[in-house]
Amino acid sequence: MTKRHGYALLAALAAVVVLISTAIFIGVGGSSESFNNAAPRKPRGSAAPASAGAWVGTWATSPAAAEPNTPNGYAGMSIRNVVRTSVGGTGARIQLSNLYGKRPLTISHATIALAAAPSNPTAAAGTLRRLTFSGNPWVTIPIGQSVTSDPTRLNIPSAADLLVTTYSANPSGPVTYHPHARQTSYLARGDRAEDVAGTAYTEQTPSWRYLTAVDVLTNEARGAVVVLGDSITDGITSTAGANRRFPDFLAERLRTEPGAPRYSVLNHGISGNRVLTDGNLFSAENPSALNRAERDVLKATAVRAVVVELGVNDILRPPQQTDPRKITEGLRRLVQQAHARGLRVVGGTLTPFYGHRGFTPRLNAVREQVNAEIRSGQIFDEVVDFDRALRDPAQPLRLLPRYDAGDHLHPSDDGYRAMAQALDLAHLKGSAPAQL
């Protein structure tokens with residue numbers, strides 16, 4: 001073979017390699033595992049190529065109710081939700097929910113970006129990406145349903161603020177929302193979904209709307225831990241915008257401690273939530289843990305383990321449950337649901353509430369009986385003793401003062417950190433359920 005022919009053969013082989021590589025990189029349009037290659041309206045810079053990895057939930061929240069006084073939704077407005085990642089990745093996809101809607105919800109335009117600064121509506125330069133749904137820049141979500149966007153390339157750090165913006169041109173209320181975000185999000189008039197600057201976002205809001213999950217394509221985590229709980233998990237008394245909820249501190253431990261399981265953390269706390277009873281007169285609002293476990297736990301992306309922090313509201317909120325056996329039986333049923341999917345479950349003891357307006361010796365006795373059963377090892381695979389971590393050793397019926405947010409029921413930031421520290425991270429490992 002002459003040199004000339006050899007060079008020609010090499011060139012032909014190189015062209016074949018390029019064609020094959022391009023086909024692999026682009027993938028099949030519309031696939032749940034492919035990336036969105038639709039060009040945005042304005043150039044936003046190229047994203048780094050995705051590395052090999054798996055889809056894992058990095059952030060989530062539970063849709064809690066229909067937002068009051070939103071018969072027309074937020075027609076003609078952009079909603080810029082600010083959320084915090086627990087692990088990073090090289091690609092992202094989001095979930096939007098119309099669970100409490102009374103008519104189909106059309107999202108006309110949606111984007112994702114990194115925030116330029118914490119809790120800030122301005123996008124970091126070069127990070128804004130337009131989202132698509134089955135290849136379309138818009139999506140209509142049926143009543144009571146949710147949708148997942150196509151994946152898009154975006155380098156996302158752990159412990160970073162993301163901006164997920166939706167715009168709806170048409171009325172669509174009532175709005176599915178999570179009211180107690182402990183995070184400031186933003187609203188703007190008109191279609192401002194692709195605004196990099198945050199100047200149009202003049203209205204602040206303490207709630208998340210429509211957005212219920214963000215997944216990342218990642219090598220940083222092998223799965224997710226779902227924390228299923230009430231206002232204590234929701235972090236209702238934590239410092240707003242500071243990410244000092246109990247699940248935030250748990251995520252920090254999982255990211256930084258040597259030997260910790262490589263898991264993200266998904267916060268599925270709803271303020272007022274109970275094990276047995278739906279939270280309001282309408283069963284669809286604030287559903288009980290038993291009624292929402294399938295939605296919030298078992299369907300979470302790459303869930304590997306569950307931490308349960310529930311039971312206090314069953315005792316305190318009317319109709320008060322004063323039979324501890326019914327509460328513990330409800331907790332067992334939660335564990336059974338998780339075990340059916342091969343998930344490990346760590347259960348927390350019920351924390352003190354002496355000094356709270358609802359305290360009575362009788363109700364505290366119910367709490368202590370539930371705790372005794374939890375500590376016996378007959379409910380959960382493993383136990384995290386939140387009661388012991390937070391109580392005052394000198395007066396065990398109450399929270400330690402520095403762990404008390406002031407209402408004698410909810411923890412302070414320091415209390416939330418103490419809860420995370422109380423959890424043995426090794427208890428999250430493994431998937432085979434214990435024989436209880």
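A pocket is here an open set of grid points, on a 1 Å grid over the protein atoms alone, with protein on both sides within 12 Å along at least five of seven lines. The structure is a predicted model, and the report treats its two largest pockets before turning to its aromatic contacts.

## Pockets

The largest pocket has a volume of about 520 Å³, and the second largest has a volume of about 370 Å³. The composition of each lining is tabulated below.

| Pocket | Volume | Nonpolar residues | Polar residues | Charged residues |
|---|---|---|---|---|
| Largest | about 520 Å³ | nine | 13 | five |
| Second largest | about 370 Å³ | 10 | nine | eight |

In the largest pocket, 27 residues form the lining, and those nearest the centre are Q95, S146, T212, R295 and K299. At least two lining residues come from each of β1, β4 (89–97), β9 (146–148), β16 (211–218), β18 (263–269) and α4 (289–298).

The second largest pocket is likewise lined by 27 residues, with R84, N243, R245, P247 and D248 closest to its centre. Here β1, β3 (77–84), α3 (246–256) and β18 each contribute at least two residues to the lining. Helix α3 provides the largest share, six residues. Strands β1 and β18 thus appear in the linings of both pockets.

## Aromatic contacts

The structure contains four aromatic pairs. One of them joins W59 and W208 in an edge-to-face arrangement, with 5.1 Å from centre to centre and 80° between the planes. Because W59 belongs to strand β1 (residues 54–60) and W208 to strand β15 (residues 208–209), this pair ties together parts that are 149 residues apart in sequence. Both W59 and W208 are buried.

A further pair is formed by Y354 and F359, whose ring centres lie 4.9 Å apart; their planes meet at 80°, so this pair is edge-to-face, the angle being over the 60 degrees that the class requires. The two partners can be set side by side by accessibility: Y354 is partly exposed, with a relative accessible area of 42%, whereas F359 is buried, with a relative accessible area of 18%. The value for F359 falls under the 20% limit for buried residues. Together with F353, the residues Y354 and F359 form one aromatic cluster.

One contact between a charge and a ring may be added. The charged end of R93 sits over the ring of W55, at 4.4 Å from the ring centre.

Methods. Residues numbered from 1 in each chain as written. Predicted model: local features only at pLDDT ≥ 70, side-chain atom pairs only at ≥ 80, totals over all residues. Heavy atoms only, no water. Phe/Tyr/Trp six-rings, centres within 6.5 Å; stacked < 30°, edge-to-face > 60°. Helix = DSSP H or I, 4+ residues; strand = E, 2+ residues; numbered from the N terminus. Buried < 20%, exposed > 50% of the residue type's maximum accessible area, 1.4 Å probe, protein only. Lys NZ or Arg CZ within 6 Å of the ring centre and 35° of its normal. 1 Å grid on protein atoms, 1.4 Å probe; cavity = no way out; pocket = protein on both sides within 12 Å on 5 of 7 lines; lining within 4 Å. Points joined across faces, edges and corners; volume = space filled by probe spheres on them. Nonpolar A, V, L, I, M, F, W, Y, C, P; charged D, E, K, R; others polar.
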